[in-house]
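Here's a quick tour of a protein model, written for someone just getting started. Have a look at the structure below, then read on for charged pairs in one chain and paired strands in another.

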Amino acid sequence: MNINATLLAQTIMFALFVWFCMAFVWPPIVAALEQRKKQIADGLADADRAKHDLELAAKRSAEILREAKEKAGEIVNNGEKRAIEIVEDAKAKAKVEGDRIIVGAKAEIDQEVFRAREQLRTQVSAIALAGASKILGREIDANAHSDLLDKLVSEI
Amino acid sequence: MSSEAHTSAEYIKHHLQNLTFGHLPNGTWGVAHSAEQAKEMGFWALNLDTFFMSLILGAGFLLLFRSVAKSITSGTPSGVQNFVEWALEFIDSSVRGSFSGKNKLVGPLALTIFFWVFTMNLMDLLPIDYVPLLMTTLGVPFFKIVPSTDPNATFGMAIGVFILVLYYSVKMKGLGGFVGELTLQPFGKWGMPVNLLLEGVNLIAKPISLALRLFGNMYAGEMIFILIALMGGAWAGMTVGSATLYGSQIFLSLGWAIFHILIVTLQAFIFMTLTVVYMDMAHQEHH
């Protein structure tokens with residue numbers, strides 16, 4: 001239990017240990033701890049941000065869904081309107097076409113009637129001539145009596 | 001208890017004697033074989049047991065920490081890294097609690113002191129006779145396994161701390177500020193001699209109390225282990241008295257060892273905390 005040079009040796013050893021600890025032990029461990037602290041803080045911040053983003057995304061998706069529904073309704077409405085329009089259009093066209101056909105047919109009928117009448121007229125004059133000749137027993141000069149005949153025909 | 005040839009006094013003396021290497025009376029260098037020889041060696045002698053035990057323990061824990069520091073990851077820690085990180089954070093929070101200045105030295109200083117003192121103190125828990133007996137068998141006359149029961153070790157550390165305190169006192173306050181602190185308070189400049197006496201004692205008391213507190217606690221603890229060990233050494237055949245003493249030794253050793261775990265840790269913690277506090281005082285401007 002004597003105080004001797006061990007005292008100096010211990011002081012030197014102590015200084016070396018402290019130096020070693022300060023140079024090689026303390027800094028890397030503290031750095032790693034700080035880094036982990038930062039990582040955890042970052043992770044928590046990221047989680048918060050992600051949560052916030054999720055909320056926003058949910059809100060936006062609801063919005064989009066609502067818009068889509070509205071648009072779909074609109075499209076259906078438009079389609080219905082368009083269908084009605086098309087039907088109406090077709091109806092109108094059909095009516096026009098029908099009318100046209102009717103008019104054509106009427107004209108044709110009139111023409112046929114006219115033609116038949118003409119034919120009849122000529123035939124009537126011939127019949128009248130034949131009849132008259134039979135009654136008179138001789139040829140009637142058509143030219144001589146054309147005035148008469150024409151008068152008759154026009155009366156038919 | 002070692003051999004029966006020893007009396008109780010010899011046994012105690014043997015356990016309290018360091019393995020001292022120095023200049024022998026016959027003119028050669030060697031290991032002292034008795035307390036008287038060790039004393040005659042004077043100052044220029046080295047306590048080999050203290051030196052090597054503290055070297056092995058200090059280097060051991062530092063290399064453990066260093067191996068972790070080399071492969072440390074900021075990801076998920078595992079194994080010994082958990083322990084090292086816990087230890088470092090414990091030291092760091094203690095330092096933050098009592099040191100208000102900014103100094104990169106204080107953290108590593110506190111860590112080194114705590115673990116060095118702790119491991120040195122921990123040697124006290126090894127069975128008291130094993131290592132000396134082993135060493136005697138190997139031809140080594142003495143071996144004190146607990147370096148902190150050697151005042152050289154505790155004073156060596158305390159002097160190291162004292163040098164740092166002086167250095168930072170002068171660095172932070174300037175030489176004038178430091179001298180002023182020693183001489184101009186508490187009684188103003190007319191009470192200068194009294195001030196110097198009071199503050200001087202205050203200053204010198206720091207390393208001395210630091211060293212003596214640790215030494216005293218560990219030495220006393222060691223002494224009690226020795227005394228407990230003597231009980232079983234009083235073995236005198238299969239008598240009731242001997243058996244009782246032998247049994248008492250087992251229970252008392254166990255009890256004292258368990259209590260000593262507290263002292264071992266506490267003394268290391270006190271040494272560290274006081275060092276940090278002294279460093280803090282050195283950094284603080286006095287008004």
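## Salt bridges and strands at a glance

Counting over all chains, there are 13 salt bridges in this structure. Keep in mind that this is a predicted model. Let's look at some of those salt bridges in chain A, then hop over to the strands of chain B.

**The pair Asp46(A) and Arg49(A)**

- Asp46(A) and Arg49(A) join their side chains in a salt bridge, with N to O at 3.2 Å.
- Both sit in helix α1 of chain A, which covers residues 6–136, and they are three residues apart, so about one helical turn separates them.
- Asp46(A) has a relative accessible area of 41%, which makes this residue partly exposed.

**The pair Glu63(A) and Arg66(A), plus a partner**

- Further along the chain, Glu63(A) and Arg66(A) make a salt bridge too, and their closest N and O atoms are 3.9 Å apart.
- That still counts, because the cut-off for a salt bridge is within 4 Å.
- Here again the two residues are three apart in helix α1 of chain A, so there's about one helical turn between them.
- Glu63(A) is partly exposed at 39% relative accessibility, and Arg66(A) is partly exposed as well, with a relative accessible area of 44%.
- This pair has company: a network of salt bridges links Glu63(A), Arg66(A) and Glu70(A).

**The pair Glu112(A) and Arg115(A)**

- Glu112(A) and Arg115(A) form a salt bridge between their side chains, at 3.1 Å from N to O.
- These two are also three residues apart in helix α1 of chain A, so they are separated by about one helical turn.
- How exposed is Glu112(A)? Glu112(A) is partly exposed, with a relative accessible area of 42%, and Arg115(A) is partly exposed too, at 46%.

**Strands in chain B**

- Strand β1 of chain B (residues 20–23) pairs with strand β2 of chain B (residues 29–31) in the antiparallel sense, over three bridges.
- Across that pairing, His23(B) in β1(B) faces Trp29(B) in β2(B), the two standing opposite each other.
- β1(B) and β2(B) make a hairpin with five residues between the strands, and in this hairpin Gly27(B) takes a positive phi near 95°.
- β1(B) also pairs with strand β3 of chain B (residues 46–47), again antiparallel, over two bridges.
- Which residue stands opposite Thr20(B)? Look for Asn47(B) in β3(B).

Definitions and conventions. Residues are numbered from 1 along each chain as its sequence is written. Chains are lettered from A and ligands numbered from 1 in the order in which they are written. This is a predicted model: local features need pLDDT of at least 70, side-chain atom pairs count only at pLDDT 80 or more; totals for chains, interfaces and linings use all residues. Side-chain values use heavy atoms; hydrogens and water are left out. Helices (H or I, at least four residues) and strands (E, at least two) are DSSP runs, numbered from the N terminus. Buried means under 20% relative accessible area, exposed over 50%, partly exposed in between (1.4 Å probe, protein chains only). Two strands pair if DSSP finds at least two bridges between them.
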